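Student: Can you go through this structure with me? I have some short questions about it.

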Amino acid sequence: MATGWLAMASVVACDHARVASDTPANRAPAEEQQGFAATLTREGDVWIVHYRFSEPQTALLFDTAHGDYRTSYWTPLDEGVQLENLDGLDGLFFEVPAQEVRLQIRRPSSRVAGTRPFLKFSDNSLAFYSGQLALLTVDSRVAAEALHGDLSLWHGQQPPVFVTFEANGPIVTDRRETPERVTVTAHLGAGPYIYDGPIPVIRTDASIMVVDPGLPEWLRVGVPKNLAAVDEALKGRWQTDIPDAVNLLAWEGPGEEWHNTGRAEGSQIAMSILGTRYLQPNQEVLADLIWFFAHERAHHFQLRPGVPIEEWPLEGAADMMATIVLADLSLIDQRGLQRRYARVQHQCAQELAQGPLDQLQGAHACGELLSLGTLNIIPNHDFFGFWRDLLAGAESQGARVDTSFYLYVLRKEGIDETILAAIQRFTSESHTDPDTATIELLQIFGLEPIYEREAGLQALDIVLPPEQP
């Protein structure tokens with residue numbers, strides 16, 4: 001998940017009302033799960049989903065929350081089926097156990113809570129969010145009501161839903177191929193957008209893109225060029241082949257000054273933007289947009305099967321990598337870096353006020369501050385090389401990339417024990433004065449912070465890695 005380069009009005013990713021992998025004790029083992037099938041069809045702005053279940057069902061819950069979206073815009077097409085919202089949880093309830101059900105889905109007329117169920121392009125074509133079809137099993141309506149909207153009390157299965165969609169032309173999902181018939185998986189509250197509209201697909205060596213033709217011309221031309229450059233920069237930095245990516249960028253028009261929403265799902269990165277600030281060429285605005293894609297693209301290199309990564313190193317490093325890429329593309333200068341890290345320091349202090357870093361979710365700013373410090377102390381400032389070693393070591397040892405393993409790899413790099421002890425304290429302890437804690441950390445990393453209590457962080461000695469030859 002990416003936070004914004006500038007103070008974006010909104011950047012949203014991975015908003016799920018879910019149990020998912022965060023509570024494995026509540027889930028049935030994967031080998032015990034059987035998938036459900038679903039056929040998705042479209043007639044204009046109306047979509048029909050036809051679920052088929054391996055066993056008769058009396059009640060089901062949806063794995064994503066979108067406020068009143070489902071109860072307002074979904075309609076069961078079969079008798080004896082109720083679609084209701086119980087204390088914030090959407091559910092299907094059957095008068096007689098059923099092995100299939102059909103529902104009609106209409107596009108909402110206004111924004112809804114959570115991940116956008118549809119991505120709307122300026123030509124009125126749509127991308128359908130398949131993750132909204134993910135389901136949870138529940139024994140009965142009574143059992144669903146007993147949750148009182150709290151999924152931490154839920155026990156059941158999260159069977160994958162294999163969603164098949166067919167069109168008369170190319171279909172874009174999370175794969176480089178664009179066939180006329182696809183099957184995607186909606187599972188654990190996630191799934192890619194499905195797009196079958198008329199916008200031509202742009203192809204590069206490592207990516208395919210659907211770029212809204214209604215974008216202001218400077219963005220319509222500049223975004224594909226810069227996203228291709230992001231791929232090349234990351235490929236050079238990681239020194240490895242680049243994974244495929246599927247980028248979707250929709251334009252909602254001028255609207256308010258600035259509002260963006262984005263979501264990354266596997267190899268697919270989807271974003272919808274609007275605002276008057278996009279109408280005229282503006283390097284800061286372009287940098288923010290490209291930074292979002294670069295952050296999510298960095299995850300494609302970080303995430304490897306069987307190598308779990310704690311949130312602060314995962315997200316903080318992706319932030320750092322995206323910033324390095326912006327510098328490689330000359331989209332950010334030293335002044336911009338100073339502004340960014342003044343904001344990151346302030347946000348990290350706010351995060352630490354909530355408790356110890358290693359017990360927090362969403363503490364991305366502190367992860368980025370630690371990544372900036374790591375960049376400053378490792379040999380040759382080779383942050384990507386450090387991450388290659390980190391992932392290779394975790395893969396070979398079957399380890400989780402958490403604070404302990406992070407320190408282990410830094411120790412192998414010859415980093416002083418005083419610095420390692422400071423990182424340990426910073427991540428594991430509560431801080432009564434978070435501002436002082438962040439500034440002291442920056443001092444220990446040798447970043448020479450200039451800080452005033454009232455004015456905030458004024459300057460850092462930031463050294464980015466040298467450009468790739």
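The chat below goes through a sheet, some ring pairs, two helices and two loop residues.

Student: What kind of model is this, and how are the residues numbered?

Tutor: This is a predicted model, where local features need pLDDT of at least 70, side-chain atom pairs count only at pLDDT 80 or more, and totals for chains, interfaces and linings use all residues. Residues are numbered from 1 along each chain as its sequence is written, and side-chain values use heavy atoms, with hydrogens and water left out.

Student: OK, the sheet with E7 in it. What is the strand order?

Tutor: The order is E6-E7-E11, in an open sheet of 3 strands with antiparallel pairing. Strands here are DSSP runs of E with at least two residues, helices are runs of H or I with at least four, and both are numbered from the N terminus. Two strands pair if DSSP finds at least two bridges between them.

Student: Which strands stand at the edges?

Tutor: Strand E6 (118–120) and strand E11 (193–195) do; each has a single partner strand, so one side of each is left without a neighbour in the sheet.

Student: And how many bridges join E7 and E11?

Tutor: Strand E7 (residues 126–129) pairs with E11 in the antiparallel sense over 3 bridges. Phe128 stands opposite Ile194 in E11.

Student: Switching to rings. How many aromatic pairs are there?

Tutor: The whole structure has 19 aromatic pairs. Rings of Phe, Tyr and Trp (its six-membered ring) pair if their centres lie within 6.5 Å; planes under 30 degrees apart count as stacked, over 60 as edge-to-face and the rest as tilted. One of the pairs is Tyr129 with Tyr193, which is tilted, at 5.3 Å centre to centre and 45° between the planes. Tyr129 is in strand E7 and Tyr193 in strand E11, 64 residues apart.

Student: Are those two buried or exposed?

Tutor: Tyr129 is buried because its relative accessibility is 0%, and Tyr193 is buried at 4%. Buried means under 20% relative accessible area, exposed over 50%, and partly exposed in between (1.4 Å probe, protein chains only).

Student: What about Trp238 and Phe301?

Tutor: Trp238 and Phe301 form a stacked pair, 5.4 Å centre to centre with 5° between the planes. The pair links helix H3 (residues 217–238), which holds Trp238, to helix H4 (residues 283–302), which holds Phe301. Trp238 is buried at 1% relative accessibility, and Phe301 is buried at 5%.

Student: At what angle do H3 and H4 pack?

Tutor: The angle is about 35°, and the axes are 10 Å apart. Axes are lines fitted to C-alpha atoms, for helices over the stretch in contact, and angles run from 0 to 180 degrees between N-to-C directions. Residues in the contact (heavy atoms within 4.5 Å) include Leu227 and Trp238 of H3 and Phe293 and Phe301 of H4.

Student: Last topic, the loops. Why look at the phi of His148?

Tutor: Most residues other than glycine have a negative phi. Phi of His148 is near 50°, a positive value in a residue other than glycine. His148 is in the loop between helix H2 (141–146) and strand E9 (161–166), and counts as exposed at 62% relative accessibility.

Student: And His381, where is that?

Tutor: His381 lies in the loop between helix H7 (364–377) and helix H8 (383–397). His381 has a positive phi of about 55° although it is not a glycine, and is partly exposed, with a relative accessible area of 22%.
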